[in-house]
Amino acid sequence: MKKITLLGSTGSIGTQTLDIVAQYPEQFQIVGLAAGRNLELLTEQIKRFRPEIVAISNPEQLPELRDAISALDSPPQLLAGEAGVCEVAAYGDSESVVTGIVGCAGLLPTISAIKAGKDIALANKETLIAGAPVVLPLVEQYGVKLLPADSEHSAIFQCLQGVPKDRLRRILLTASGGSFRDWPVEKLKDVTVADALKHPNWSMGRKITIDSATLMNKGLEVIEAHYLFDVDYDQIDIVIHPQSIIHSLIELQDTSVLAQLGWPDMRLPLLYALSWPERVATDWEPLDLVKSGDLTFREPDHQKYPCMNLAYAVGRAGGAMPAVLNAANEQAVALFLDEKITFLEIPQVIERVCNCFDMRNLAAPNLEDILAADQWARQEVLTQSATPTLV
């Protein structure tokens with residue numbers, strides 16, 4: 001039995017991870033939970049999975065949570081705030097920490113888990129996008145495993161099993177194309193929040209669904225793949241695959257192409273990250289290629305998806321610049337969801353913020369540099385979005 005701590009337990013990644021734990025109680029046991037503000041769901045999770053320690057991000061909700069579980073015969077230790085989440089991440093004898101916290105908020109807890117010697121099931125891509133210059137040396141220093149738990153990077157990781165490093169020629173990241181893959185570019189000026197949240201294939205959180213619509217999610221995944229698999233940006237390509245059956249591919253030096261296929265279901269990459277190098281037998285619906293129908297591919301439209309090229313440029317710049325991109329994107333998406341900027345203004349604001357960032361002395365940033373760049377970018381988005389005319 002593997003003992004697990006789950007960060008972001010009430011979000012999409014968290015609830016699907018707990019589905020796995022509930023289905024395979026002989027394989028996995030929950031030691032710790034950390035959640036955002038969904039107190040009702042967190043209370044249900046505590047009662048069902050009986051963790052030893054729990055943190056809620058909002059300290060004001062701690063008394064209410066304490067009251068909600070007061071009848072338990074053996075209630076968990078309760079903590080709150082960022083420090084509490086970090087303490088949960090580092091706690092006890094859990095072997096693996098699933099990082100399901102959305103955004104850069106997952107960086108510090110992940111670092112705490114690494115320093116405590118925990119393997120990381122990485123579902124929070126921002127950990128590497130913003131924090132790779134700090135996180136990767138720590139992974140090596142503490143001898144922990146960093147296993148991808150999102151569908152695309154899990155697919156690449158699975159395809160690479162047994163492949164010598166010098167035999168990899170290229171990575172092909174597949175993208176659904178998001179909510180507007182079949183919309184003409186000229187119609188994007190009329191996009192509403194409700195339109196953008198209608199993902200055709202996946203059921204995800206609001207922020208990642210918007211990232212899919214702008215294709216920023218794929219740009220961020222390019223940066224993550226660069227760090228995870230130690231490949232140059234020229235070796236990473238994006239291809240639109242509307243059916244989301246092929247989750248990503250690798251091309252080898254002899255031109256062989258290996259792919260990982262499956263229904264659009266986040267449980268599979270999560271299970272593989274938790275069970276690797278083993279394979280757990282499941283009763284899930286197997287992939288039926290006849291039922292799945294035609295598998296099609298097309299080149300992404302760079303005019304429709306300007307965030308892609310922006311992410312490549314930022315990735316090549318390196319240093320603290322990816323942290324700026326990530327933070328600017330988070331803030332711009334939040335403004336769009338609040339209907340304070342339009343859909344087309346998302347990439348415009350992000351690009352302006354990146355262009356304003358001073359890279360001097362930040363080619364090899366430390367943790368303080370990264371956090372400072374993150375905070376600067378968030379504030380700069382608010383400033384830039386207030387500018388009357390965006391370019």
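User: Which residue forms a salt bridge with Lys207, and how far apart are the closest N and O atoms?

Analyst: Side chains of opposite charge can pair when their charged atoms come close. In this predicted model, Lys207 pairs with Glu126, and the closest N and O atoms are 3.4 Å apart. Lys207 belongs to helix 9 (residues 206–214) and Glu126 to helix 6, so the salt bridge ties together parts that are 81 residues apart in sequence.

User: Are Lys207 and Glu126 buried or exposed?

Analyst: Both Lys207 and Glu126 are buried.

User: What about the pair formed by Glu152 and Lys218: how far apart are the closest N and O atoms, and where do the two residues lie?

Analyst: The closest N and O atoms of Glu152 and Lys218 are 2.9 Å apart. Glu152 is in helix 7 (residues 151–160) and Lys218 is in helix 10 (residues 216–229), a separation of 66 residues. Burial is read from relative accessible area, with under 20% counted as buried. Glu152 has 11% and is therefore buried, and Lys218, at 2%, is buried as well. These two residues also belong to a salt-bridge network with Lys125 and Glu221.

User: Where do Arg298 and Asp182 lie, and are they buried or exposed?

Analyst: Arg298 and Asp182 form a salt bridge, with the closest N and O atoms 3.2 Å apart. Arg298 is in the loop between helix 12 (289–292) and helix 13 (306–317), and Asp182 is in the loop between strand 8 (168–175) and helix 8 (193–196), so the pair ties together parts 116 residues apart in sequence. Arg298 has 35% relative accessibility and counts as partly exposed, while Asp182, at 59%, counts as exposed. The count for the model comes to 20 salt bridges.

User: How many residues of helix 9 are buried, and what covers them?

Analyst: In helix 9, 7 of the 9 residues are buried, so the helix is largely enclosed by the rest of the structure. Among the buried residues are Lys207, Ile210, Asp211 and Ala213. The cover includes helix 6, helix 8, helix 10, helix 13, helix 14 and helix 15. Leu215 follows helix 9 and has a positive phi, near 65°.

User: How should I read the sheet: what is the strand order, and which strands stand at the edges?

Analyst: Strands of a sheet pair through backbone hydrogen bonds, either parallel or antiparallel. Here an open sheet of 7 strands runs in the order 4-3-2-1-5-6-7, with parallel pairing. Strand 4 (77–80) and strand 7 (146–148) are the edge strands; each has a single partner, so one side of each is left without a neighbour in the sheet. On average, neighbouring strands are turned by 25° against each other, direction ignored.

User: How many bridges join strand 5 and strand 6, and which residue is the bridge partner of Val98?

Analyst: Strand 5 (residues 96–99) and strand 6 (residues 119–122) pair in the parallel sense over 4 bridges. The bridge partner of Val98 is Ala121 in strand 6. Helix 5 lies across strand 1 (2–7), strand 5 and strand 6, and runs at about 150° to strand 6.

User: What span does helix 16 reach, and which residue caps its N-terminal end?

Analyst: One check on a helix is to compare its span with the expected one. Helix 16 (residues 367–385) has 19 residues and reaches 27 Å from its first C-alpha to its last, close to the 27 Å expected. Asn366 is the N-terminal cap, with a side-chain oxygen 3.1 Å from the backbone nitrogen of Glu368. The buried residues of helix 16 include Ile370, Asp374, Arg378 and Val381. Those buried residues pack against helix 5 (107–115), helix 6 (126–142), helix 14 (321–337) and helix 15 (345–356).

User: Which peptide bond is cis, and what are the phi values of Arg50 and Asp230?

Analyst: The peptide bond from Trp276 to Pro277 is cis, with omega near 5°. Pro277 lies in the loop between helix 11 (267–275) and helix 12. Arg50 has a positive phi near 50° and sits in the loop between helix 2 (39–49) and strand 3 (53–56). Asp230 has a positive phi near 55° and lies in the loop between helix 10 and strand 9 (236–240). Arg50 is partly exposed at 44% relative accessibility, and Asp230 is exposed at 54%.

Definitions and conventions
Residues numbered from 1 in each chain as written. Predicted model: local features only at pLDDT ≥ 70, side-chain atom pairs only at ≥ 80, totals over all residues. Heavy atoms only, no water. Expected span 1.5 Å × (residues − 1). Buried < 20%, exposed > 50% of the residue type's maximum accessible area, 1.4 Å probe, protein only. Contact = heavy atoms within 4.5 Å. Polar contact = N/O pair within 3.5 Å; in protein donor to acceptor, adjacent residues only side chain to side chain. Pairing = 2+ DSSP bridges. Axes fitted to C-alpha atoms, helices over the stretch in contact; angles between N-to-C directions. Salt bridge = Lys/Arg side-chain N within 4 Å of Asp/Glu carboxyl O.
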